[in-house]
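Q: I'm new to this one. Can you walk me through the structure?

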Amino acid sequence: MPKKVTLPEIQKKKQDGVRIKMMTAYDYPTAVLVDESEVDIILVGDSVAMAVLGHPNTVSITMDEMLHHCKPVARGTQRAFLTADMPFLSYHTDERDAVLNAGRFIKEAGMEAVKLEGGLRVIDKIKAIISAGIPVMGHLGLTPQSFTQLGGYRVQGKTADVAKRLLEDAHALEDAGCFSMVLELMPTNVAEMISQNLTIPTIGIGAGPGCDGQVLVFHDILGLFDQFSPKFVKQFADLKVPIKQALSEFCREVSKGKFPGKEHSFHSDDPELLSFLQENKNATKN
Ligand code: KIV
């Protein structure tokens, strides 16, 4: 059994200058594959709404749907640290809702931490969740659950004013006790400045190489989701091609009667069965 990645180990990586690797997973087979890699943190992101469930954005996913995806990921993970995204409106109403919903990820779905979008505006909820003993990862910059307010999926922190606010938010998250935070879609120099000002690790996506770690979406790196492909996504493989080839080969072999062959079929030599089959060989239905 591989040794579990722990929170202190993740935090020590920043001190040691070792980059943290985080990857999304939304189901059992993916979790097994990701867990067998060197990824430190598996994130069951609300990006599942777009990458897997066909929604146009992340706001429609519910608590129950997130839990449904977290459970098989937990079953498939032996080593990586498990973090789940709290969906839109599961932590915005009040502290009680936030703690109870965060607790469901731990109690019902086998997760080890939760991730929430926002800084000072959700700080009371973050403090309440941490007080309940649940580790929290923050998320600043482009926060996709508020894409309408932000005017779309745009780079954040391009002016001194916004960069200053991002730094204040980052300090607030660190002071509240977050163990790390995602920095999404912001200029490299802003993400680098925030990372250098914090003792907790930052994990970047579209925030350049100055963060303490990097995260990408599983389906993006494998070319399995290309409804839109932002500049920051690197496709490390194009699995669409071998998948499409396998599907057309299946169709061709079924059409030609080549599949299933003997090696994929079952046979019985039971004498009674053979004589029953012989009797019924040419029987037609009345
Ligand atoms: O939902 C998600 O996958 C995320 C990452 C992209 C950081 O929040």
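Q: How many Å separate the centres of domain 1 and domain 2?
A: The centres are 46 Å apart, taken over C-alpha atoms. This is a predicted model: local features need pLDDT of at least 70, side-chain atom pairs count only at pLDDT 80 or more, and totals for chains, interfaces and linings use all residues. Residues are numbered from 1 along each chain as its sequence is written, and side-chain values use heavy atoms, with hydrogens and water left out.

Q: Where do domain 1 and domain 2 lie?
A: Domain 1 covers 7–238 and domain 2 covers 242–279. The bounds come from an automatic or database domain assignment.

Q: Now the ligand. Which residues are around it?
A: Among them are Thr 24, Gly 45, Ser 47, His 139 and Ile 205. Each has a heavy atom within 4 Å of the ligand.

Q: And by class, what is in the shell around the ligand?
A: The shell has 5 nonpolar, 4 polar and 3 charged residues. Here Ala, Val, Leu, Ile, Met, Phe, Trp, Tyr, Cys and Pro count as nonpolar, Asp, Glu, Lys and Arg as charged, and the others, Gly among them, as polar.

Q: What does the side chain of Lys 115 do there?
A: An N or O atom in the Lys 115 side chain is 2.8 Å from an oxygen atom of the ligand. Asp 46 has a polar side-chain atom 3.0 Å from a ligand oxygen. For Asp 85, that distance to a ligand oxygen is 3.0 Å.

Q: How much of the ligand does the protein bury?
A: The protein buries 94% of the 260 Å² that the ligand exposes when taken alone. These areas come from the Shrake-Rupley method with a 1.4 Å probe.

Q: New topic. Where is the cis peptide bond?
A: It joins Phe 259 and Pro 260, with omega about 0°. Pro 260 lies in the loop between helix 10 (240–255) and helix 11 (271–279). Helices are DSSP runs (H or I, at least four residues), and strands are runs of E, at least two, all numbered from the N terminus.

Q: What about phi of Leu 89?
A: Leu 89 has a positive phi, near 75°, and is not a glycine. Leu 89 sits in the loop between strand 3 (81–85) and helix 5 (95–107).

Key. A polar contact is a pair of N or O atoms within 3.5 Å; within protein, one must be able to donate a hydrogen and the other to accept it, and residues adjacent in sequence count only if both atoms are side-chain atoms.
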